Amino acid sequence: MKLFLPKQHGAWAMLILPFWLGVLKGGFVWQDIPLFVGWILLYFATYPMLLLFKKKKIQFYTKWTIIYLAPALLLLLFPLLKRPSIIFFGLFMLPFFAVNAFYTARNKDRAFMNDLSAIFAFSIAGLASCYLGRGIVNLETLIFPFLTSVLFFIGCTFYVKTMIREKKNTRFKWLSWLYHLFVVALWFMSGFWIAAIAFIPSLLRAYFFYGKKLSPLQIGVYEIINSVIIFTILAIQIVILN
């Protein structure tokens, strides 16, 4: 049986980066493993689940939703038994899922607000993995990993749109450049200079790659490299703060 998998390959970075930054911040516990695998399966389940709102191939999408959702819920029982209150992070994701469902039903999956909603949902997973180990949510945990993830992936969204769908939109180009510059400046002014350094590669690629004839595959490969760079540097920042 051929697996029915999401086609948004860029979402893998959003699945991995916030979650493991949260683990670094909160401290690793063995329940992080079933939480992570369950989180991946839950993401797989949401893909056919959202397609149900298109009201086509209902039986097919329902089948795949159940195939992924059932083991996901079983695995998520392990972190839930350790910290029952972790369920609130799942509840916080529901409004963002509703936004995604709204845009999917209207065949506007590429809308910026749809991307933004997904970014917040994925970043909440970083808060959940942090909370699982640490048991608290404070200002520092909201910044690392949540805010760092949100700011990074919004920048990725701006950049990718300027390279593909909005590549002839001058206003969008300037919006992307100014956003990336603002984020780097924000981290420097906040005193988190290591975090500022982590965002500099994103700024440079947004500026120097703009207008270049890069294929979607090339753009994707460079984004993987950029994600590895920012994860590594932010991990250093988190370890120092801990």
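# Exercises on a predicted model

Among the elements around the largest cavity, H6 contributes the most to the lining, with four residues. The model is predicted, and the exercises below work through its cavity, its helix packing and its backbone.

**Exercise 1.** State how confident the prediction is, and find where confidence is lowest and highest.

*Solution.* Begin with the protein chain as a whole: its mean pLDDT is 93, and 100% of its residues reach 70 or more. Then go to the helices. Confidence is lowest in helix H4 (residues 87–105), where the mean is 93. The highest value, 97, belongs to helix H8 (residues 193–208).

**Exercise 2.** Describe the largest cavity by its volume, its lining residues and their classes.

*Solution.* First, count: the whole structure has one cavity of 30 Å³ or more. Second, take the volume, which is about 40 Å³ for the largest cavity. Third, list the lining: Leu151, Phe152, Gly155, Cys156, Tyr179, His180, Val183, Phe199, Ser202 and Arg205. Helix H6 (139–163), helix H7 (170–190) and H8 are the elements that each supply two or more of these residues. Last, sort the lining by class, which gives six nonpolar, three polar and one charged residues.

**Exercise 3.** Decide how H6 and H9 run relative to each other.

*Solution.* Two packed helices are described by the angle between their axes and the distance between the axes. For H6 and helix H9 (residues 216–241), the angle is about 160° and the axes are 12 Å apart. Angles over 145 degrees count as roughly antiparallel, so H6 is roughly antiparallel to H9. To complete the description, add the handedness: H6 and H9 make a right-handed crossing.

**Exercise 4.** Do the same for H1 and H2.

*Solution.* The angle between helix H1 (residues 11–26) and helix H2 (residues 32–51) is roughly 155°, and their axes come within 11 Å. H1 and H2 are therefore roughly antiparallel to each other. The crossing of this pair, H1 and H2, is right-handed.

**Exercise 5.** Which peptide bond is cis, and in which helix does Pro145 lie?

*Solution.* The bond from Phe144 to Pro145 is cis, and its omega is near 20°. Next, place the proline: Pro145 is part of helix H6, the helix that also gives four residues to the lining of the largest cavity.

**Exercise 6.** Give the phi of Lys55 and locate Lys55 in the chain.

*Solution.* Phi of Lys55 is near 60°, which is a positive value in a residue other than glycine. As for its place, Lys55 sits in the loop between H2 and helix H3 (58–82).

Terms used: Residues numbered from 1 in each chain as written. Predicted model: local features only at pLDDT ≥ 70, side-chain atom pairs only at ≥ 80, totals over all residues. Heavy atoms only, no water. pLDDT = per-residue confidence, 0-100. 1 Å grid on protein atoms, 1.4 Å probe; cavity = no way out; pocket = protein on both sides within 12 Å on 5 of 7 lines; lining within 4 Å. Points joined across faces, edges and corners; volume = space filled by probe spheres on them. Nonpolar A, V, L, I, M, F, W, Y, C, P; charged D, E, K, R; others polar. Axes fitted to C-alpha atoms, helices over the stretch in contact; angles between N-to-C directions. Parallel < 35°, antiparallel > 145°, perpendicular 65-115°, else oblique. Left-handed = near helix turned anticlockwise from the far one by under 90°.
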